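Colleague: I'd like to learn how to read a protein model. Could you walk me through one?

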Amino acid sequence: MKAPFPYFGGKHRAAPIVWQALGDPAGYVEPFAGSAAVLLARPHHEGRRTETINDADGWLVNTWRALQLSPAETAHYAAGPVAEIDYHARLAWLQERRTPELVSWLEGDPESHDPKAAGWWLYVVACGIGDPFDSGPWRVIDGKFTDTRKLPHLGDAGRGVNRELPHLGNAGQGVNRELPHLGNAGRGVNRELPHLGNAGQGVNRELPHLGNAGQGEQEAQLAHYFARLAARLSRVRITCGGWGRVVKPSVIRSGTGGDGSRAVFLDPPYSTSGDLYAVTEGHETISAQVRDWCLTAPDDLRVVLCGYDTEHADLERHGWAVVDGKAGGGAGYSTNSANGRRERLWLSPACVPLAQPDLFGGAA
């Protein structure tokens, strides 16, 4: 299965080789879930497995939980034609509510979710190009969609009303600083129009079987597809927060069945890709923190780590293998077509040896 939304950095094309390396683990963890492309591409298996996906982006996690727990209601809010006014209004509504409290709400209850917000998030992501959630000047103020650049100067670097909204600041404040995949390739709400390509299908453009159905039929077809996703996600644990929370022994050691192994798929923001992945924690990139964790991970843990070029070459001196090639899923919007060929997969020594040349055209 595929996620019903485009997402920069998705690893759908890499999934076959990832699962060759991971086998059929009893416990599987994705700390940087994004579009959960690898989870959804897992080969069919019988019996129970323990699967955990996590992300720091509250609205993304809310969407996955809504697809899992309220697929029909989420479909109701996601369906509809592409309209500029709806796009901007829903984007502003979501941005105003992207606060630290959102993550706390999701952390506090594993079933917390908002189907309307999830449906609107899907609508916005499917209608836009790049990162529609990059900070912009538009806000909802007193119930009106307002360009804050036109407000009177209120001091503090001329940010006007923006200075009253620290979680939407221009330094990646609040929850935004841990967005694992969303760079600044898009202009966010600054853009003048939503994406009108693909026959203006909006969220439906990711579901080729939907065609040009009316809104009622679209909603019914979306609900059917979302119900299939809900069935796949029915036993998946969906958490929100920092990646380190879900690579602790209590998480990675859970699960029975399969071949008895434990596996972690790591797709952190790459440290060598410039502004596109300009995300850091303190003075060290998340990518470097993940690499350091890999060096201390249990010897029997199967780990696949994604990166660029020689970003994680240090691991190779510790017995890790590297696979070259394009790992992206084709759903991203990078302006540099060469980026895909720079992608690498590093496989821990406990991974299943590859039985054939890698799927990206290089040597395993």
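**Reading the model step by step**

Modeller: Sure, let's begin with the surface. The accessible surface of this chain comes to about 15,500 Å², and 51% of that belongs to carbon and sulfur atoms. Keep in mind that this is a predicted model.

Colleague: Okay. What share of the residues count as buried?

Modeller: A residue is called buried when its relative accessible area is under 20%. Here, 54% of the 364 residues in the chain fall in that group.

Colleague: And how many helices and strands does the chain have?

Modeller: There are 10 helices and 11 strands. You can also ask about contacts along the sequence: taking those between residues at least 6 apart, 77% join residues at least 24 apart.

Colleague: Let's do the sheet. In which order do the strands of the open sheet come?

Modeller: Read across the sheet, strand by strand. The seven strands go S5-S2-S1-S6-S9-S11-S10, with mixed pairing. At the edges you find S5 (236-240) and S10 (321-324); each has a single partner strand, so one side of each is left without a neighbour in the sheet. From one strand to the next, the twist averages 15 degrees.

Colleague: Can we zoom in on one strand pair? How do S9 and S11 run, and how many bridges join them?

Modeller: S9 (residues 302-308) and S11 (residues 343-347) run antiparallel, and five bridges join them. For example, Tyr308 has Glu343 in S11 as its bridge partner.

Colleague: Now the aromatic rings. How is a pair of aromatic rings described?

Modeller: You give the distance between the ring centres and the angle between the planes. A search of the whole structure turns up seven aromatic pairs. Take Phe5 and Tyr7: their centres are 6.0 Å apart and their planes make 75 degrees, an edge-to-face pair. Both Phe5 and Tyr7 are buried. Those two also belong to one aromatic cluster with Trp64 and Trp121.

Colleague: What about Trp93 and Trp120: what kind of pair do they form?

Modeller: That pair is edge-to-face, at 5.0 Å centre to centre and with 80 degrees between the planes. It links distant parts of the chain, as Trp93 lies in helix H5 (residues 84-96) and Trp120 in helix H7 (residues 115-127), 27 residues apart.

Colleague: Are Trp93 and Trp120 buried or exposed?

Modeller: Trp93 and Trp120 are both buried.

Colleague: One last thing: which ring does the charged end of Arg90 sit over?

Modeller: For that, look at where the charged end lies relative to the ring centre. Arg90 has its charged end over the ring of Tyr123, 4.4 Å from the centre of that ring.

Conventions. Residues are numbered from 1 along each chain as its sequence is written. This is a predicted model: local features need pLDDT of at least 70, side-chain atom pairs count only at pLDDT 80 or more; totals for chains, interfaces and linings use all residues. Side-chain values use heavy atoms; hydrogens and water are left out. Two strands pair if DSSP finds at least two bridges between them. Helices (H or I, at least four residues) and strands (E, at least two) are DSSP runs, numbered from the N terminus. Axes are lines fitted to C-alpha atoms, for helices over the stretch in contact, and angles run from 0 to 180 degrees between N-to-C directions. Rings of Phe, Tyr and Trp (its six-membered ring) pair if their centres lie within 6.5 Å; planes under 30 degrees apart count as stacked, over 60 as edge-to-face and the rest as tilted. Buried means under 20% relative accessible area, exposed over 50%, partly exposed in between (1.4 Å probe, protein chains only). A charge sits over a ring if NZ of Lys or CZ of Arg is within 6 Å of the ring centre and within 35 degrees of the ring normal. Contact means heavy atoms within 4.5 Å. Accessible areas come from the Shrake-Rupley method with a 1.4 Å probe; for residues, only the protein chains shown count as cover.
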